[in-house]
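Visitor: I would like a close look at one part of this protein, the salt bridges and where their partners sit. Please take me through them and set them in the rest of the structure.

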Amino acid sequence: WLGTVSVDYRPAGQTSPFVFGTFESSLEKQIAERYSVGAGVKRTFVRSERSEASLSLAALDERTVPLPAARGRATRRLTRWSVRVRARHAFDDRLRVSHVTFWQPSVRAASRFLVRSTTEAEYALSDRAAVTLSFLDNYDSEAVARGARTNNDGQLLFGVSARW
């Protein structure tokens, strides 16, 4: 599970402060619960009818509770930086692509980090229907230490969407 809530003070502005909160739970990464809250600023470099590109920098406070089977690992609190790069582009009226990557290193040790990356493509079949292809990749540098099989997990998703 992964859920995020954010509030952007000036979402259409070139520079905008924001606050956010995240909740995560992952069997693969041996995480029972991971909560984080933070604040930062977003800078938009490109904004047009077809394209957008932005960079965000934030500080966040995180609390991770491992699953009971996570080899005796204790609940941890960690302060992280959060850098987000986002780009979106519509090639025409039918094809749209977007990419978002978060890099979240520990403030004290950059070798302890999270990376979340999402790339999506949507192709409109008509005004009301589209097919989507999404690639989600997550890397947690400490997942193996909690008992996970690997630090990395990814998903390739195919979908169909409808508008009315």
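Guide: A residue counts as buried when its relative accessible area is under 20%, as exposed when it is over 50%, and as partly exposed in between. The model is a predicted one. By that cut-off, buried residues make up 32% of the 164 residues in the protein. The protein has nine strands and zero helices. Its C-alpha trace spans about 55 × 35 × 25 Å along the principal axes. Among contacts between residues at least 6 apart in sequence, 45% join residues at least 24 apart.

Now the salt bridges. The structure holds 16 of them. One pairs the side chains of D93 and R50, at 3.9 Å from N to O. D93 belongs to the loop between strand 5 and strand 6, and R50 to the loop between strand 3 (31-47) and strand 4, so this pair ties together parts that are 43 residues apart in sequence. D93 is exposed, at 66% relative accessibility, while R50 is partly exposed at 39%.

A second bridge joins R112 to E142, with the closest N and O atoms 3.1 Å apart. This pair also links distant parts of the chain: R112 is in the loop between strand 6 and strand 7, E142 is in the loop between strand 8 and strand 9, and 30 residues separate them. R112 is partly exposed, at 24% relative accessibility, whereas E142 is buried at 12%.

A third bridge runs between R146 and D140, whose closest N and O atoms are 2.5 Å apart. R146 has a relative accessible area of 5% and is therefore buried. D140 is buried as well, because its relative accessible area is 1%. Both residues belong to a network of salt bridges that also links E24, K29, R34, E62, R80 and R116.

R116 leads on to the largest pocket. The space in this pocket is about 950 Å³. Its lining has 33 residues, and those closest to the centre are L2, T4, F102, R116 and T118. Strand 2 (15-26) gives the largest share of the lining, six residues. Other strands that each supply at least two lining residues include strand 1 (2-8), strand 4 (51-66) and strand 5 (76-90).

T118 is also a contact of S98, a residue that touches A87, R88, T119 and E120 too, leaving aside residues up to four places away in sequence. S98 lies in strand 6 (residues 95-105) and is buried, at 18% relative accessibility.

The surface has a nonpolar part as well. L133, F135, L156, F158 and V160 form a nonpolar patch there, with about 580 Å² of accessible area together. Strand 9 contributes the largest share of this patch, three residues. Strand 8 (129-140) and strand 9 (152-162) each supply at least two. F158, in strand 9, has a relative accessible area of 64% and so is exposed. V160 is 9.8 Å from L125, C-alpha to C-alpha, with their positions 35 residues apart in sequence. L125 sits in the loop between strand 7 (113-124) and strand 8, and is partly exposed at 47% relative accessibility. Beyond residues up to four places away in sequence, L125 touches R94, A130 and V131. Over the protein as a whole, the exposed area is about 10200 Å², and carbon and sulfur atoms supply 59% of it.

Definitions and conventions
Residues are numbered from 1 along each chain as its sequence is written. This is a predicted model: local features need pLDDT of at least 70, side-chain atom pairs count only at pLDDT 80 or more; totals for chains, interfaces and linings use all residues. Side-chain values use heavy atoms; hydrogens and water are left out. Patches are made of residues with over 30% relative accessible area and no salt bridge: like charges are joined within 9 Å, nonpolar side chains (Val, Leu, Ile, Met, Phe, Trp, Tyr) within 5 Å. Accessible areas come from the Shrake-Rupley method with a 1.4 Å probe; for residues, only the protein chains shown count as cover. A salt bridge is a side-chain nitrogen of Lys or Arg within 4 Å of a carboxyl oxygen of Asp or Glu. Helices (H or I, at least four residues) and strands (E, at least two) are DSSP runs, numbered from the N terminus. Buried means under 20% relative accessible area, exposed over 50%, partly exposed in between (1.4 Å probe, protein chains only). Contact means heavy atoms within 4.5 Å. On a 1 Å grid over the protein atoms alone, a cavity is a set of points where a 1.4 Å probe fits but cannot get out, and a pocket is an open set with protein on both sides within 12 Å along at least five of seven lines; lining residues have an atom within 4 Å of a point. Grid points are joined across faces, edges and corners, and a volume is the space filled by probe spheres set on the points.
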